[in-house]
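Got your viewer open? Load the model, set it to a cartoon view, and keep the selection box handy.

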Amino acid sequence: MSFAERALLLLLLPVLAVSGSQPRDAVRRADTGEEKLIALTFDDGPDPDGTGAILDVLAEYGVRATFFVIGEKAEKSPDLLIRAVGEGHEIGNHTYSHLNGKKTNEKRYLADVKKNGALLSGILGYETVLFRPPGGNLSAENGKAIGEAGCVTVLWSVDTEDWKGIAADKIVSAVLGHVRGGDIVLMHDCIYGKGHTAEALKTVLPALIAEGYRFVTVSELLSADVNRTAAQ
């Protein structure tokens with residue numbers, strides 16, 4: 001992400017505020033008007049098996065997505081991040097050690113997020129701006145600290161629950177039965193046990209493409225938000 005793109009994102013998005021266990025004003029979806037744009041997001045990688053298989057399917061259909069990665073795993077598989085970026089995908093911060101942002105004190109949590117940010121910057125050659133708290137959990141203190149650190153917190157509007165290891169057809173139904181333009185879809189490229197996300201994508205992608213949907217990164221989706229851009 002270029003400096004100009006980073007600056008644009010920070011201008012487009014509201015100041016982070018939190019309430020309870022999830023950020024109140026974090027991004028969940030965008031208003032794209034009549035444009036049928038969708039952002040696919042994948043959490044908890046990179047994973048040698050899951051990420052590679054998903055990248056293969058995305059490449060087959062010419063689809064770009066956003067991957068929120070864990071630092072501990074990025075250290076072990078930096079090649080997958082480099083491949084993802086090379087194929088047009090976006091990388092976001094998912095903490096270094098998958099901490100619960102509601103149960104971890106501010107100092108430790110922010111240090112963990114910054115550690116991952118520095119790691120990703122070293123691998124990718126640029127700073128990541130997008131941030132997703134594991135489980136969507138973030139205390140008020142941690143949310144404020146993350147916002148002041150210049151991160152944009154991104155949640156989701158469609159949850160496939162693929163992390164449970166559910167069958168591919170259930171993942172397909174979770175997307176096709178609920179998605180609409182402007183949605184941010186939550187999926188995972190690392191699942192403990194046998195996952196079926198890549199298999200589900202082989203049905204989801206061509207079906208939505210046939211319906212006229214276009215897949216973009218989270219940054220592109222937010223830049224297309226008609227309410228935000230109209231206010232500039």
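Here is a short walk through the model, stop by stop.

**Before you click**

This is a predicted model: local features need pLDDT of at least 70, side-chain atom pairs count only at pLDDT 80 or more, and totals for chains, interfaces and linings use all residues. Residues are numbered from 1 along each chain as its sequence is written, and side-chain values use heavy atoms, with hydrogens and water left out.

**Stop 1: the whole protein**

Start with everything shown. You are looking at 10 helices and 10 strands; these are DSSP runs, H or I of at least four residues for helices and E of at least two for strands, numbered from the N terminus. The protein has 232 residues, and 53% of them count as buried. Buried means under 20% relative accessible area, exposed means over 50%, and partly exposed is in between, using a 1.4 Å probe and protein chains only.

Now switch on the surface. It comes to about 10,200 Å², with 51% belonging to carbon and sulfur atoms; the areas come from the Shrake-Rupley method with a 1.4 Å probe, and for residues only the protein chains shown count as cover.

How much of the contact total comes from residues 24 or more positions apart? Among contacts with a separation of 6 or more, such pairs account for 79%. A contact here means heavy atoms within 4.5 Å.

**Stop 2: strand 3 and its neighbours**

Select residues 37-45, which make up strand 3. Of its 9 residues, 9 are buried. Several strands pair with it, and two strands pair if DSSP finds at least two bridges between them.

- Add residues 184-188: this is strand 9, which runs parallel to strand 3 over 5 bridges. Look for A39 opposite I184.
- Add residues 214-215: strand 10 is joined to strand 3 by 2 bridges, again in parallel. Here L37 stands opposite R214.
- Add residues 66-69: strand 4 runs parallel to strand 3, with 4 bridges between them. Find D43 facing F68.

Next, follow the chain from strand 3 through helix 2 to strand 4: this β-α-β crossover is right-handed. In other words, with the strands pointing away from you, the path from the first strand over the helix to the second runs clockwise.

**Stop 3: strand 4**

Stay on strand 4 and turn on its side chains. In a regular strand the side chains alternate between the two faces of the sheet. Which residues point which way from strand 4? T66 and F68 go one way, F67 and V69 go the other, and all are buried.

F67 is a handy marker for stepping across the sheet. In strand 3, F42 stands opposite F67, while in strand 5 the residue opposite F67 is I91. Strand 5 covers residues 90-93 and runs parallel to strand 4, joined to it by 4 bridges.

**Stop 4: T32 in its loop**

Step back to T32, in the loop between strand 2 (22-23) and strand 3. Is T32 buried or exposed? It counts as buried, because its relative accessibility is 2%. Leaving aside residues up to four places away in sequence, T32 touches L37, G181, G182, L221, A224 and V226. Now try the distance tool on D183: T32 and D183 are 151 residues apart in sequence, but their C-alpha atoms are 9.2 Å apart in space.

**Stop 5: charged pairs**

Side chains of opposite charge can pair when their charged atoms come close. The whole structure has 7 salt bridges, each being a side-chain nitrogen of Lys or Arg within 4 Å of a carboxyl oxygen of Asp or Glu.

Select R83 and D56, whose side chains meet at 2.7 Å, N to O. This pair links distant parts of the chain: R83 sits in helix 4 (residues 78-86) and D56 in helix 2 (residues 50-60), 27 residues apart. Add E87, which forms a salt bridge with R83 at 2.8 Å between the closest N and O atoms. R83 is partly exposed at 27%, as are D56 at 45% and E87 at 33%.

One more pair to pick is K164 and E161, with closest N and O atoms 3.2 Å apart. Going back to D56, R83 and E87, salt bridges with shared partners join them into one network.

**Last stop: two cysteines**

Select C151 and C190. C151 is buried at 17% relative accessibility, and C190 is buried at 7%. The disulfide count is 0, where a disulfide is a pair of cysteine sulfur atoms within 2.5 Å.
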